[in-house]
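Biologist: Before I rely on any label attached to this model, I should like to hear the grounds for it. May I put my questions to you in turn?

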Amino acid sequence: MGALIEARGLTKRFDSFVAVAGIDVDVFRGEVFGFLGPNGAGKSSTMRMIGCVSPVSSGTLRVLGMDPAVDGPRIRARLGVCPQENWLDEELTVRENLLIYGRYFGLPRRTLADRAAELLAFVQLTDKADAQVADLSGGMKRRLTIARALVNEPEIMLLDEPTTGLDPQARHLVWDRLIQLRQEGVTLVLTTHYMDEAEQLCDRLVVMDGGTIVAEGSPLDLIRAHATREVVELRFVAGRQQALAAEVADLADRVEVLPDRVLLYTQDGDAAANAVHQRGLSPPGILVRRSSLEDVFLRLTGRTLVD
Ligand SMILES: Nc1ncnc2c1ncn2[C@@H]1O[C@H](COP(=O)(O)OP(=O)(O)OP(=O)(O)O)[C@@H](O)[C@H]1O
Ligand SMILES: [Mg+2]
C-alpha cells in the first residue's frame, strides 16, 4: 500500500535561505510518525508544506495521493492541523471556536453541535464550553486546538509540538488522547523536542538538523544504531571532569565530558561502574541507566545551542 504522505527531495527556501534541504519521507496509514530536531531544524516548515499552507519550493510532495499545489483544498478537508501556535479566536467561547471552524468545512449546524460536544468531552473541556478562550490556561488552549483539528474527522493529524509548554498532567492527557486517536486509525504526524514523548508515541521518526534528515527509524532502531545499551553518569567535583575522563576512557565505547558530569557509553554499565570504583576514583555521584532517544538526539545534533 502506498504512503499517505510521500516526499522526495522536498525543499523549502525563503529567498536564498534553505529551511528544508531536499528530504525524502514516507508516512503510512495508521502510524505515528515524528519529526525531531533542534530549533530551526525545519520541522515546522515541513509540516506547513504537508498541511498545504506553504508552497513547496522544489522536489515532490504527495499527500493522500494528491499534489498540494493542485489539490490543496481537497487535501486540507481530510487533514487535521494543530499548528505550533494555537491561533484560537480569543474573543469567542470555547464552543464557538469549534463551531466556526466546523463551518469552514461546510458541516451542517446540527452535526456540528453534536460534534463540538463530543470533542469537548474528548479533550475534557465540557465544563469550559461557554468560557472565553482568553480565560483558558495554556494547557486548555492546546487541548482546544487539538479538538478543533478533529472537527472534520481527519484521516491525518498534523501536530506541531502538541505538548510544548504543558505541565506534566496536561501532557499526559494529550498523550492519552493521541494514543486513542491512533487506535481509531488516525495517522498522526507530530514534531516534538521531548525525547520521552517521541519514544513513547512514535512508531517511526526522523531526526532533522539544518534542514536535512540525519537519522531515521523506530526509537529502538535509533538507540541501537547510535547509542550503546547503557550509560554511566559520573558526577565528579567541578573542574576535575577532564582529568578524570582520561582515566576512565578505556572503560567505555565513548566518553563525553559535560560541565557537571562525565558520561560513559557502554554495553555493560554495572561493569564499567565497578571498574571506576576499583580504580579508586569513587565519584560522589554515579548513575547507571539505559540509553534513551535523548542520547541519540544529542549525539546526532550536538549539545551546542544552535541559536
Ligand atoms: N517565513 C519565513 N521566512 C524566513 N525564514 C523562515 C520562515 N519560516 C522559517 N524560517 C527559517 O527557517 C528555518 C527553519 O524554521 P522552522 O520553523 O521550520 O524550524 P523548526 O524546526 O520548526 O524550529 P522550532 O523547533 O524552533 O519550532 C529557521 O532558520 C527559520 O528562521
Ligand atoms: Mg517549529
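Biologist: Leaving aside its neighbours within four places in sequence, which residues is E197 in contact with?

Modeller: Please bear in mind that this is a predicted model. E197 is in contact with P162, T163, R171, W175, T191, T192 and C202, once neighbours within four places in sequence are left aside. The residue itself lies in helix α7, which spans residues 195-201.

Biologist: Why does E197 count as buried?

Modeller: The relative accessibility of E197 is 1%, and buried means under 20%; E197 therefore counts as buried.

Biologist: What makes the pairing of the side chains of E197 and T192 a polar contact?

Modeller: The two side chains are joined at 3.0 Å. The limit for a pair of N or O atoms is 3.5 Å, so the pair of E197 and T192 qualifies on distance.

Biologist: Where is E233, and is E233 buried or exposed?

Modeller: E233 is in strand β10, residues 230-235. Its relative accessible area is 8%; since the cut-off for buried is under 20%, E233 is buried.

Biologist: Which side chains make polar contacts with the side chain of E233?

Modeller: R261 does so at 3.1 Å, and R289 at 2.8 Å. Both arginines also appear among the residues that E233 touches beyond four places in sequence, together with V262, L263, G285, I286 and L287. By contrast, the C-alpha atoms of E233 and G2, which are 231 residues apart along the chain, are separated by 44 Å.

Biologist: How do you know that S44 and Q84 are donors of the magnesium ion, ligand 2?

Modeller: The atoms concerned are OG of S44 and OE1 of Q84, lying 2.0 to 2.1 Å from the ion. A donor must be an N, O or S atom within 2.8 Å of this metal, so both atoms meet the criterion. Water is not among the atoms, so the site may look incomplete.

Biologist: What makes this pair a link between distant parts of the chain?

Modeller: S44 is in helix α1 (residues 43-50), whereas Q84 is in the loop between β5 (79-82) and α3 (94-104); the two are 40 residues apart.

Biologist: Why is Q84 called partly exposed?

Modeller: Q84 has a relative accessible area of 36%. Buried is under 20% and exposed is over 50%; the value for Q84 lies in between, and the residue is therefore partly exposed.

Biologist: Which residues of α3 are buried, and what covers them?

Modeller: The buried residues of α3 are V94, N97, L98, L99 and G102. Their cover includes α4 (109-122) and α5 (138-149). After α3 comes G106, with a positive phi near 70°.

Biologist: Why is L4 called buried?

Modeller: L4 has a relative accessible area of 5%, which is under 20%, so the residue is buried. L4 is found in the segment before β1 (5-14). Beyond four places in sequence, the residues it touches include V27, F28, R62, I156 and T187.

Biologist: How many helices and strands does the protein have, and what share of its residues counts as buried?

Modeller: There are eleven helices and 13 strands, and 49% of the 307 residues count as buried. Among contacts between residues at least 6 apart in sequence, 68% join residues at least 24 apart.

How values were computed. Residues are numbered from 1 along each chain as its sequence is written. Chains are lettered from A and ligands numbered from 1 in the order in which they are written. This is a predicted model: local features need pLDDT of at least 70, side-chain atom pairs count only at pLDDT 80 or more; totals for chains, interfaces and linings use all residues. Side-chain values use heavy atoms; hydrogens and water are left out. Donors are N, O and S atoms within 2.8 Å of the metal (3.2 Å for Na, K and Ca); water is not among the atoms, so sites may look incomplete. Helices (H or I, at least four residues) and strands (E, at least two) are DSSP runs, numbered from the N terminus. Buried means under 20% relative accessible area, exposed over 50%, partly exposed in between (1.4 Å probe, protein chains only). Contact means heavy atoms within 4.5 Å. A polar contact is a pair of N or O atoms within 3.5 Å; within protein, one must be able to donate a hydrogen and the other to accept it, and residues adjacent in sequence count only if both atoms are side-chain atoms.
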